[in-house]
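Subject: Structure handover

Hello,

Here is the structure for you to take over. Please open it first, then read the notes below it.

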Amino acid sequence: IRTYQHPKKWSYQFGIILPGETGKHKLSMVVIIDTSGSIKKSILESFASEIKKLLPLSSRCTLITADAKVHEKVTIRNINDIVGTRTKVAFKGGGGTNFEPAIQEAAKLRPDVCIYLTDGCGNYGNIVPNLNIIWALTTNKRQPPFGKCIYLDS
């Protein structure tokens, strides 16, 4: 977090005041993984790789797996919680995709950000949640009706 309460002292000599760092703010986040039938094992593996990159940025990370309904909701602390021999997550699913139940579950947790890892194919429902949502999509064929989109390398 940058603040003028702790300015960068070196900036004084130039007649300006620049904000200084007070510490690193970590985000509370919810990561939702689409476990519908269209998500193959190789895609789940790439999702795990993305989560590994996100975990250091998080003060609290809840992982939700869902297809047309929520299957699992687990707090994760490191990548071993989702891959390896001591995994907490079974990646249940295989049905169709409805994004609404997982997003409603995420909204209850009131995270700073919600990241939905998906191919984007499914029912978005009629609600626009009060939630900062980032769609991490495996394809650019679908454009979600709300939130921001990023596209994952395949």
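Two strands count as paired here if DSSP finds at least two bridges between them. Keep in mind that this is a predicted model.

**The sheet**

With that rule, 6 strands form an open sheet. Their order is E5-E4-E3-E6-E7-E8, and the pairing is mixed. Strand E5 (70-76) and strand E8 (148-151) stand at the edges. Each has a single partner strand, so one side of each has no neighbour in the sheet. On average, neighbouring strands of this sheet are turned by 20° against each other, direction ignored.

Strands of a sheet pair through backbone hydrogen bonds, either parallel or antiparallel. Strand E4 (residues 58-66) and E5 run antiparallel, joined by 6 bridges. To find the pairing on screen, look for Thr62: it stands opposite Thr75 in E5.

Helix H1 (residues 41-54) packs on this sheet. H1 touches strand E3 (27-34), E4, E5 and strand E6 (113-118). The direction of H1 makes about 180° with that of E3.

**The loop between E3 and H1**

Thr35 sits in this loop. Is Thr35 buried or exposed? Its relative accessibility is 6%, so Thr35 counts as buried. What is Thr35 in contact with, leaving aside its neighbours within four places in sequence? The list is Thr65, Ala66, Asp67, His71, Phe91, Lys92, Gly93 and Gly94.

**Cysteines**

A search of the whole structure finds 0 disulfides. Why is Cys61 not bonded to Cys114? A disulfide needs two cysteine sulfur atoms within 2.5 Å. The closest cysteine sulfur to that of Cys61 is in Cys114, 10.0 Å away, so the two are too far apart for a bond. Cys114 is likewise in no disulfide, and its nearest cysteine sulfur is that of Cys61.

Cys61 counts as buried because its relative accessibility is 2%. Cys114 also counts as buried, at 0% relative accessibility.

**Aromatic residues**

How many aromatic pairs does a search of the whole structure find? The search finds 6. One aromatic cluster is formed by Phe99, Tyr116, Tyr124, Trp135 and Phe146. Of these, Tyr116 falls within strand E6 (113-118).

**Where to start**

Begin with the sheet, from E5 at one edge to E8 at the other. Then turn to H1, which packs on it. Finish with Thr35 in the loop between E3 and H1.

Best wishes

Note on methods:
Residues numbered from 1 in each chain as written. Predicted model: local features only at pLDDT ≥ 70, side-chain atom pairs only at ≥ 80, totals over all residues. Heavy atoms only, no water. Phe/Tyr/Trp six-rings, centres within 6.5 Å; stacked < 30°, edge-to-face > 60°. Buried < 20%, exposed > 50% of the residue type's maximum accessible area, 1.4 Å probe, protein only. Helix = DSSP H or I, 4+ residues; strand = E, 2+ residues; numbered from the N terminus. Axes fitted to C-alpha atoms, helices over the stretch in contact; angles between N-to-C directions. Contact = heavy atoms within 4.5 Å.
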